[in-house]
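Here's a quick tour of a protein model, written with its empty spaces in mind. Have a look at the sequence and the fold, then read on.

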Amino acid sequence: MRNSKLKTLLEEEHAHILYTYEEESAYLQQVLTYIEEGIACGEVVLLVENERNYQMILHTLKSRLTNEQMQQLHYVNSIQFYLSSGSYFPPAIEAHFTKTVQQYVETKRPFRSWAHVEWSTLNGPTQLIEQFERIVDEAVHKLPFSLICAYNSHLIPSELYAMLLQTHPYLLNASDLCKSEQYSAQF
């Protein structure tokens, strides 16, 4: 499932993209494509993912990429990433991310990131997620790098989805990539 609009966008600019998915198989194919295309472009790929999905992704990539190419993939456990301070706390997540990418920023090594956003419930405080998404949106433009934030569409409450449309300039789903008409930069 290659998305030519996504590939073209990422070749032309750095982007903060909301990816909503319904089926796990489509999700896994999309993340694999994003990783492989990033590595083919010479970018380091930061993958924020749960352990179960990471093992499936790793198994597939080992059959498709060389050992040298696999060195360009940097895995971050999503539970440790989002809950690094013991709870979902945007400043702690930002500090963890900054520390993770510091070496690439300092050496001017191009990178992209994929963040699978999932918790036991996404019905929590929307303002915390909004705060984090706005921090990340600004970081994408300042550093610059590309980032896909992946959410299971079946688990997103309507209030959260409305906020995500406002904090991501681009939207990706199984069939299309488009600009978010609701997006409003806050920086």
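What follows goes from the overall shape to the pockets, the cavity and two loop residues.

## The chain as a whole

First, a caveat: this is a predicted model. The chain has 8 helices and 7 strands. Its C-alpha trace covers about 40 × 35 × 30 Å along the principal axes. Does the radius of gyration agree with a compact globule or disagree with it? It agrees, because a compact globule of 187 residues would come out near 16 Å and the chain has 15 Å.

Buried residues account for 49% of the 187 residues. On the outside, the chain exposes about 9500 Å², and carbon and sulfur atoms supply 50% of that area. As for contacts with a separation of 6 or more, 77% of them link residues 24 or more positions apart.

## The empty spaces

Here are the spaces side by side, with their volumes and the classes of their lining residues.

| Space | Volume | Nonpolar lining residues | Polar lining residues | Charged lining residues |
|---|---|---|---|---|
| Largest pocket | about 240 Å³ | 8 residues | 2 residues | 3 residues |
| Second largest pocket | about 160 Å³ | 7 residues | 1 residue | 3 residues |
| Largest cavity | about 80 Å³ | 9 residues | 1 residue | no charged residues |

Start with the largest pocket, at about 240 Å³. It has 13 lining residues, and the ones closest to its centre are Glu94, Thr98, Ile135, Ala139 and Leu143. Which elements give two or more residues to this lining? They are α6 (90-106) and α7 (126-142).

Next comes the second largest pocket, with about 160 Å³ of space. Its lining includes Leu10, His14 and Glu43, along with a run of names from Lys108 to Phe111, namely Lys108, Arg109, Pro110 and Phe111. Tyr104, Val105, Leu143 and Pro144 line this pocket too. Leu143 is also among the residues closest to the centre of the largest pocket, so to speak a name to keep in mind for both linings.Now for the enclosed space. How many cavities of 30 Å³ or more does the structure hold? There is 1, and the largest cavity has about 80 Å³ of space. Its lining is made up of Val48, Phe81, Tyr82, Phe97, Ser113, Ala115, Phe132, Val136, Phe145 and Leu147. At least two of these residues come from each of α5 (78-82), β4 (111-116) and α7. By class, the cavity lining has 9 nonpolar residues, 1 polar residue and no charged ones.

## Two loop residues in the second pocket

Back to the second largest pocket, where Lys108 and Arg109 are both in the lining. Lys108 lies in the loop between α6 and β4, and Arg109 lies in that loop as well.

Is Lys108 buried or exposed? Lys108 has a relative accessible area of 73%, so it counts as exposed, the cut-off being over 50%. Its backbone is worth a glance too: phi of Lys108 is near 55 degrees, a positive value in a residue other than glycine.

Arg109, at 37% relative accessibility, counts as partly exposed because that value falls between the 20% and 50% limits. Beyond its neighbours within four places in sequence, Arg109 is in contact with Gly42, Val44, Gln72 and Tyr104. Tyr104 also belongs to the lining of the second largest pocket. Arg52, on the other hand, is 57 residues from Arg109 in sequence and 29 Å from it in space, C-alpha to C-alpha.

Definitions and conventions: Residues are numbered from 1 along each chain as its sequence is written. This is a predicted model: local features need pLDDT of at least 70, side-chain atom pairs count only at pLDDT 80 or more; totals for chains, interfaces and linings use all residues. Side-chain values use heavy atoms; hydrogens and water are left out. On a 1 Å grid over the protein atoms alone, a cavity is a set of points where a 1.4 Å probe fits but cannot get out, and a pocket is an open set with protein on both sides within 12 Å along at least five of seven lines; lining residues have an atom within 4 Å of a point. Grid points are joined across faces, edges and corners, and a volume is the space filled by probe spheres set on the points. Helices (H or I, at least four residues) and strands (E, at least two) are DSSP runs, numbered from the N terminus. Ala, Val, Leu, Ile, Met, Phe, Trp, Tyr, Cys and Pro count as nonpolar, Asp, Glu, Lys and Arg as charged, and the others, Gly among them, as polar. The radius of gyration is taken over C-alpha atoms; the globule rule is 2.2 Å times the number of residues to the power 0.38. Buried means under 20% relative accessible area, exposed over 50%, partly exposed in between (1.4 Å probe, protein chains only). Contact means heavy atoms within 4.5 Å. Accessible areas come from the Shrake-Rupley method with a 1.4 Å probe; for residues, only the protein chains shown count as cover.
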